[in-house]
Amino acid sequence: MSKERIETGKAPVLQVTCSGNLKINGWAEPALSVKSAEYELTEGEKAFTLELTGDATLLVPAATNLSVVNVAGDLAIRNVDGPVQVTAASGDVNLRGLTATELGKVSGDLAVRHLNGPLSAGEIMGDASLRSVEALSINHVYGDLAARYVDGSIEVTSVAGDIGFGAVNGDVTLHKVHGDVTLRNIGGLCQVAEALGDIR
């Protein structure tokens, strides 16, 4: 597995695909560090495009505008201050220390900690666990959804499992929940349109 440093500047635009597991960490250097068995880097007018083969680890400038197009395995992203967009991840997704984040489809579980910006998500096929985040907008969760210490509002279209929310400073809007709903210490208005289980 080779390791290489590429000078990018302090706030590059980076688009990534990976055929294995992927770890991305922000650092203070104005450069990209790539640790991968094989990769291909293309530098365009406005963005770097990186195609990784197998498992890989990246160090990126903290202010990177990051777009992860597809990851075939698990994905972990930490300490990136720029906007983060993940289109598709086939495994579990673990996010920590990010700002504004947009997720498309997560085929595994989702774990989010210490998010200093809004989170929007399309489909989460597994369970979702969120702690110390800002406003949430989630379309579909096919497992359970748990969120604590939310400094903003929450809107969820549908959850196939149970919901547990605690310490939410804003409004909570739930359109359809197939399981139970447990709400504690909600600072705003709670609206539950349809719940097939119990509401506590």
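The exercises below work through charges, backbone angles and cysteines in a predicted model.

Residues are numbered from 1 along each chain as its sequence is written, and side-chain values use heavy atoms, with hydrogens and water left out. Because the model is predicted, local features need pLDDT of at least 70 and side-chain atom pairs count only at pLDDT 80 or more, while totals for chains, interfaces and linings use all residues.

**Exercise 1. Salt bridges**

Find the salt bridges of Arg-5 and say which residues they join into one network.

Solution.
- Step 1: Apply the rule. A salt bridge is a side-chain nitrogen of Lys or Arg within 4 Å of a carboxyl oxygen of Asp or Glu. By this rule the count comes to 2.
- Step 2: Take Glu-7. Arg-5 pairs with Glu-7, and their closest N and O atoms are 2.8 Å apart.
- Step 3: Take Glu-29. Its side chain meets that of Arg-5 in a salt bridge of 3.2 Å, N to O. This pair links distant parts of the chain, 24 residues apart. Arg-5 lies in strand β1 (residues 2-7), Glu-29 in the loop between β3 (22-27) and β4 (31-43). Strands here are DSSP runs (E, at least two residues), numbered from the N terminus.
- Step 4: Join the pairs. Salt bridges that share partners place Arg-5, Glu-7 and Glu-29 in one network.
- Step 5: Check accessibility. Buried means under 20% relative accessible area, exposed over 50%, and partly exposed in between (1.4 Å probe, protein chains only). Arg-5 is partly exposed at 42%. Glu-29 is partly exposed at 34%. Glu-7 is exposed, at 51%.

**Exercise 2. Charged patches**

List the residues of the negative patch and of the positive patch, then place one member of each.

Solution.
- Step 1: Set the rule. Patches are made of residues with over 30% relative accessible area and no salt bridge, with like charges joined within 9 Å. Lys and Arg count as positive, Asp and Glu as negative; His and the chain ends are not counted. The place of a charge is NZ of Lys, CZ of Arg, CG of Asp or CD of Glu. Areas come from the Shrake-Rupley method with a 1.4 Å probe.
- Step 2: Read the negative patch. Asp-74, Asp-92, Asp-109, Asp-127, Asp-144 and Asp-162 form it. Asp-127 sits in the loop between β12 (119-124) and β13 (128-133). Asp-127 is partly exposed, at 36%.
- Step 3: Read the positive patch. Arg-131, Arg-148, Arg-184 and Arg-200 form it. Arg-184 belongs to strand β19 (residues 181-186). Arg-184 is exposed, at 55%.

**Exercise 3. Positive phi**

Where do Asn-79 and Ala-167 lie, and what is phi at Asn-79 and at Ala-167?

Solution.
- Step 1: Asn-79 is not a glycine, yet its phi is positive, about 60 degrees. Asn-79 lies in the loop between β7 (75-78) and β8 (84-89). Asn-79 is partly exposed, at 43%.
- Step 2: Ala-167 is not a glycine either, and has a positive phi of about 55 degrees. Ala-167 is in strand β17 (residues 163-168). Ala-167 is partly exposed, at 26%.

**Exercise 4. Cysteines**

How many disulfides does the structure hold?

Solution.
- Step 1: A disulfide is a pair of cysteine sulfur atoms within 2.5 Å. The structure holds 0.
- Step 2: Cys-18 is buried, at 5% relative accessible area. Cys-190 is partly exposed, at 35%.

Technical notes
Patch = residues over 30% accessible without salt bridge, like charges linked within 9 Å, V, L, I, M, F, W, Y side chains within 5 Å. Helix = DSSP H or I, 4+ residues; strand = E, 2+ residues; numbered from the N terminus.
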